[in-house]
Structure formats: C-alpha cells, structure tokens
Amino acid sequence: KNDNASVGALLSLRDSDGTLRARSFFPVDQMAYQIDVRDLMANAEDVTVPFTGTIEVELHSSEDLKFAFPALLVFYETPRGISYVHTNQRIYNDLQDRRRGDPFNPDQTGFDVSCKDGASPFVFVANGSEPVLDAVAKLNIYNADGREMESEITLGDLPAFAARRLEIAEIDGVRQFLGDGVGFLKLDLPLGNIYNRFGCGVESAAGDWIGITHSYFDCLRHNDYYATNAFPPNVHDCFVPVNLVEGLDTEVVFYPIMAPASLSFRLVCFDAKGGERATIDLPGSFKASGSEQIRINLRQILSDREISADEGLYAILVEAEDGKLPTRVSFGLNYRSNGLPGCNISSSTLLASSHGVRSRAWLWGALPCRSEARNIIMVSHMPKEKSATDVATFSVSIYNGNEEICSRNFESLPRTGENIVAEEILADANYIPGERDILWYVVRSESSSLISNQIHISADGYIGGDHSF
C-alpha cells in the first residue's frame, strides 16, 4: 500500500474467554495471503475441538499506511459450501477513531433472521480490549408481519477479547414468533473499545451450512438527510443496480433502520443495449424507520406481470415522497438457488451525491476455488445520469498470492450488467487452481460508474457472496 515496503502482520488466536492461545507474525511482502485458522490451532496451547474463539489480525508499519483498517475477508467452509464476509469488528486505532465510531455502535441490525426448516440464526460477538461487567444483550426482534418481540440475553462479565455466540433461536418463543417467515432484529450490546459490525447469519438444522454476513447500525439515531430538490433533474437520486443471474432467485431487502422518511420504489428492467423495456411501480409506501421490511423478489415480480426475466441489469429506484432522502439507505442483497440457503450481502444504495464522482473504478473481491463450484463476478454499469451514453471499458484480472494469472477486457453500455464466470476465464488461460485456493479479482476502469458484487455457488447449489471493495 502506497509503496510502503515495511509492513508486518501479527495473528493472535484467542479462546472464548479472551485468553491468548497462539500467535504468529509474518512480513507482508505479497499482494494477498490465505490464512487457515487450523494451522494456528495446531501450534496452540491447550486447544481442543470444537473450539470457539477469535482470530485478530494486526498490521504494523514503519510508515503511515494511510488507511484506517486493512482489507480482510473471513471464510466459513462447511460440507455444503463456502460463505464469506469482509471482517466486521475491529479494535479502535486511537481516541479519535473511538470518538467517531462509538455513536454508531448501538442497535446493530440490517440482516435476515430466520428459523425456517429448523435453521438457527446467530450473532457472533467479540469484546474489545476493555472488560465489560454484567454485559446484557438487548434485542428487538421483528417478524415478517412487522410485529415486535423484546428479549434479553445475559452474558455476565466479559473479559477483554472474550467471544460469544448468541443463539437467537434459543430465546423462548422465537421459533414460534418467526414461523416460516424471515424477519430481522436490533441488538444493543455495549462493548469495550471496539467498533461493532457483528458477524451474523444462520446455520442449517443439520449443521452442514453457515451463511454469514455483517450487521449495520440503526440510523434512526442519526437523522441526516439530503434534500432531493438539490439534485439536478437529470440524475437518479438514489438507486440499486442488480444483476439477474440465470437460474438464481434474487431478492433486495430494505430494512426499516433508516432516518424517518417515507420512500417509494420503482423497478426498471433494461435490455441488452441499456434501453428501458419495462418500468414497474412497486405498491405501497415504505416507512424507513418503522417495523415492516420490504422484500423485493425480482423473479416473482416479473412473473406476476408476465415480463421476461432476462439475464442482465435491473435497477430499483428509491424516491423520497416528502423530499427528504436519508443519507444512509442500506439493504440486503440475496441470491439463492432452488430454494436452498444463500447469501445476505449487506450493502448500501448508490446516491447522486457520491456515485460516479471518483476518477476511476478499482474494485476487488474473492474467488474461492472448489471442485464443481462457480464464482460469478457481477459488474453493473449504472450511471446516475438518466440519459448517459458513454461506453465503459473495463478489465477483469485474476490473481493468486502475488501475481496476475490472467486478464480479460470488456465493453459495457450504460445501464447494462455483465455476469462473468471466473472459471471460464481461468480455463481459457489453462490455469488449474489448487483444491484449497482462494484467488481474487480486480475490475479496473476509467469509469467510476461501475460497481461489482461476487457470489460463490457450491457444487450443491449453496451460495455465499459479498460486495466488492
């Protein structure tokens, strides 16, 4: 980073009580590293399986790294497939960092909670460097009908760096309350000197799948808005580009965790040349700080209106009915195959105030390589300008730990999407990855109107994924 040649990484393995069990240091001289926690456990003291704890990565440098925290992804692999998310909680760097971060710690939320088919939703909690006495997790759980259930989980004294897994389904009455629907929750748990983005998700009844994502903060406490009349009329104020992938169900979930506002939604369907082939006004007004979520199932909506579900780009346009648009509009992006568990990517909408203002796009993500699995890189070219005509050229390069394996160039018309199968690019380059390899990709373009997400579809059809960086 920034031509800094003196960077080192310190790995610390701690158990659930925060006790240090193993530590490893290495100089950072490659572009990427793959760390297997089992290797740390093999050199740890008094560690038995099953093991609950944390792994902490610290980056040290002789010069300013010029960024607040490193780019790390955590992968959970089960017999059914791989789910992953960019790392969530982090110890504060300094007092200034803490002053900025603490206001966003309460009421972590913004992810799916489901007990369907016997599944068990959970939240991973790691304390920071300061002990917390008499810790209590306060939960507000909302079901698919918008009804609320309040509960508490008493954790007792949490030592520094202690780790807990909160089993939501073990709360009395939760399975009956949620039923077969999908809800969400808000979790308030004050911790010691740590920025909260909890790892959360669901484990299958058989224990052979873990779907992981991260939480987001409840924006109800942060009443920040854009006045939509300040945006020029030739731009989309707020929108979500979504690539539809053949054979996959696609759902966009808006959770009512925003500053108070009334929002409406339109779904726009684009053809292969970026022209509008259909526009659908979605019914109802969404109360951005209420208790009812909006789940937009693209294939179901298209089927109900007899519109072909062509592969390519769709966009959900978000409009503020009263002219007050919350500055933070987050959502969950879900991909599933044949009713099997899938991903619940935590992401945020694109806003006219910030989208397309950078000088270029440089986007990267992970490609876990497993037998008979597929990795799809979904590149969306959605300028905020309604009548944009510029064609975006971009490259997709795939890397291993320290070198480029292959690269391919693309051209993208505005309002179109490319679903790129990484395994096809690798096959064209005659590259065969190792059985446990995790590669990574980079999308480069002079156009900053591009975004990308990536999903991993296992041999059994289970889907994990995340947005790019």
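**Exercise 1. Is valine 125 buried or exposed, and at what relative accessibility?**

Solution. The model is a predicted one, and the assignment is made from its atoms.

Step 1. Locate the residue: valine 125 belongs to strand β9, which covers residues 120-126.

Step 2. Apply the cut-off: a residue is buried under 20% relative accessible area. Valine 125 has a relative accessibility of 4% and therefore counts as buried.

Step 3. Identify the surroundings. With its neighbours within four places in sequence set aside, valine 125 contacts Gln89, Ala162, Ala163, Arg164, Leu166, Leu189, Leu191 and Phe198.

Step 4. Relate sequence to space. Cysteine 200 is 75 residues from valine 125 in sequence, and the C-alpha to C-alpha distance between the two is 8.8 Å.

**Exercise 2. Determine how strand β1 is covered and which strands pair with it.**

Solution.

Step 1. Consider burial along the strand: in β1 (residues 7-15), nine of nine residues are buried.

Step 2. Separate the two faces. Val7, Ala9, Leu11, Leu13 and Asp15 lie on one side, Gly8, Leu10, Ser12 and Arg14 lie on the other, and all of these are buried.

Step 3. Examine the pairing with β3 (residues 53-61): nine bridges join this strand to β1, and the two run antiparallel. Within β3, serine 61 is the bridge partner of valine 7.

Step 4. Examine the pairing with β2 (residues 20-27): here seven bridges are found, again with antiparallel strands. Leucine 13 faces alanine 22 of β2.

Step 5. Inspect the connection. Four residues lie between β1 and β2 in a hairpin, and glycine 18 in the turn has a positive phi of about 85°.

Step 6. Return to Arg14 of β1. The charged end of arginine 14 sits over the ring of phenylalanine 161, at 3.9 Å from the ring centre. A second arginine, arginine 90, lies over the face of tyrosine 195, 5.0 Å from the centre of that ring.

**Exercise 3. Establish the strand order of the sheet that contains β20, and name its edge strands.**

Solution.

Step 1. Recall the principle: strands of a sheet pair through backbone hydrogen bonds, in a parallel or an antiparallel manner.

Step 2. Read the order. The open sheet has four strands, arranged β24-β20-β27-β28, with antiparallel pairing.

Step 3. Find the edges. β24 (294-297) and β28 (343-348) each have a single partner strand, so one side of each lacks a neighbour in the sheet.

Step 4. Describe the twist: neighbouring strands are turned against each other by 20° on average, direction ignored.

Step 5. Examine one pairing. Four bridges connect β20 (residues 249-254) with β24 in the antiparallel sense, and valine 252 stands opposite isoleucine 296 of β24.

**Exercise 4. Describe the aromatic pair of phenylalanine 254 and phenylalanine 331, and the setting of serine 330.**

Solution.

Step 1. Begin with the total: the model has 17 aromatic pairs.

Step 2. Classify the pair. The rings of phenylalanine 254 and phenylalanine 331 are 6.1 Å apart centre to centre with 45° between the planes, and the pair is tilted.

Step 3. Place the residues. Phenylalanine 254 is in strand β20 and phenylalanine 331 in strand β27 (residues 330-336), so the pair ties together parts that are 77 residues apart in sequence.

Step 4. Add the environment: both phenylalanines, 254 and 331, are buried. Ring pairs also link Phe254, Phe265, Phe286 and Phe331 into a cluster.

Step 5. Turn to serine 330, which also lies in β27. Its relative accessible area is 4%, so serine 330 is buried. Beyond its neighbours within four places in sequence, serine 330 contacts Tyr216, Phe254, Ile257, Met258, Ser347 and Ser348.

Notes: Residues are numbered from 1 along each chain as its sequence is written. This is a predicted model: local features need pLDDT of at least 70, side-chain atom pairs count only at pLDDT 80 or more; totals for chains, interfaces and linings use all residues. Side-chain values use heavy atoms; hydrogens and water are left out. Two strands pair if DSSP finds at least two bridges between them. Buried means under 20% relative accessible area, exposed over 50%, partly exposed in between (1.4 Å probe, protein chains only). Rings of Phe, Tyr and Trp (its six-membered ring) pair if their centres lie within 6.5 Å; planes under 30 degrees apart count as stacked, over 60 as edge-to-face and the rest as tilted. A charge sits over a ring if NZ of Lys or CZ of Arg is within 6 Å of the ring centre and within 35 degrees of the ring normal. Contact means heavy atoms within 4.5 Å.
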